[in-house]
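Biologist: I'd like to learn how to read contacts and burial in a model like this one. Can we go through it together?

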Amino acid sequence: MTDSVETEPAVASQLFGERLDVARAFTANLIAQGEERGLIGPLELPRIWSRHILNCAIVAPLLRPGLVGDVGSGAGLPGLVLAIARPDVEFVLIEPMERRVAWLTEQVEELGLGNVTVVRDRAEDVRLARQLDQVTARAVSAFRKLIPLTAPLLRDGGELVLMKGAGAAAEVDAAAKELRKFKVHDVEVLTLGEGVLEDITRVIRAQVR
Ligand SMILES: C[S@@+](CC[C@H](N)C(=O)[O-])C[C@H]1O[C@@H](n2cnc3c(N)ncnc32)[C@H](O)[C@@H]1O
């Protein structure tokens, strides 16, 4: 583990409220084990809070009570962070890689997250007992590729909440064919965290069917 780990920014307490201790425990576990377990690169530790934990937590107010599927959760970003921030929302984390699933399952147990289920599968193959109300994803695939993977998992009127980089608007333009085919509409690109976070977060939000 590198010795240059970012200290917790003051805004963390605002974003997690009374769940801050759980967020701290998860972040400490990620700092302690993330590099060794291939979940996060060493270069990320100096920006673990600003670039990763808080960058995901700022999305929490976009979620509604219901069932949210986080596709390609990896280290738990954003799925576990959102599940910590929003105990009123149920989450299913969909991740195909065995060692990442093992990490996610351990974290759910250790942190006592009763609102999270972990499923080992690819989004295009997974069979869920219930249709999702919302889907989240971060750093999994381009918007046009995510649409066919995620839209079939959503109920009519469900919503995509996809964390994206600076190219979000261009990704929307490149997805015209998939938007039509999967009846994705009311697409907007949101910028979150301005004036609050060091790194702003861009989100593509869209309705399905
Ligand atoms: C670059 S990592 C990002 C992980 C995490 N979302 C983050 O932001 O740190 C991409 C993740 O998506 C998962 N993934 C790739 N293709 C997938 C698919 N078809 N369905 C579900 N997950 C997938 C990978 O196993 C990996 O954990």
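Modeller: Sure, let's begin with a contact: two residues are in contact if their C-beta atoms, placed from the backbone, lie within 7 Å. Keep in mind that this is a predicted model.

Biologist: Which residues is glycine 72 in contact with, leaving aside its neighbours within four places in sequence?

Modeller: Those are Glu95, Ala137 and Val140. Glycine 72 itself sits in the loop between S1 and helix H4 (79–85).

Biologist: Is glycine 72 buried or exposed?

Modeller: Here you count C-beta atoms within 10 Å: 20 or more others make a residue buried, 12 or fewer make it exposed. Glycine 72 has 22 of them, so it is buried.

Biologist: And how does glutamate 124 count, buried or exposed?

Modeller: Glutamate 124 has 12 C-beta neighbours inside 10 Å, so it counts as exposed. Its place is in the loop between strand S3 (116–119) and strand S4 (132–138).

Biologist: Where does UniProt place the feature "binding site"?

Modeller: The unreviewed UniProt entry puts it at Gly72, Leu77, Ala123, Glu124 and Arg138. In the model, 18 residues surround the ligand, with Gly72, Gly74, Leu77, Ala123 and Arg138 the closest. That shell holds 10 nonpolar, 3 polar and 5 charged residues.

Biologist: What about confidence?

Modeller: Where pLDDT is low, you shouldn't read the predicted coordinates in detail. In this case the protein chain averages 96, and 99% of the residues score at least 70. Strand S1 (residues 67–71) has the highest mean pLDDT among the chain's elements, 99. For the model, ipTM is 0.99 and pTM 0.97.

Conventions: Residues numbered from 1 in each chain as written. Predicted model: local features only at pLDDT ≥ 70, side-chain atom pairs only at ≥ 80, totals over all residues. Near = placed C-beta within 6 Å. Nonpolar A, V, L, I, M, F, W, Y, C, P; charged D, E, K, R; others polar. pLDDT = per-residue confidence, 0-100. Helix = DSSP H or I, 4+ residues; strand = E, 2+ residues; numbered from the N terminus. UniProt positions renumbered as here; feature names shortened; annotations may be inferred.
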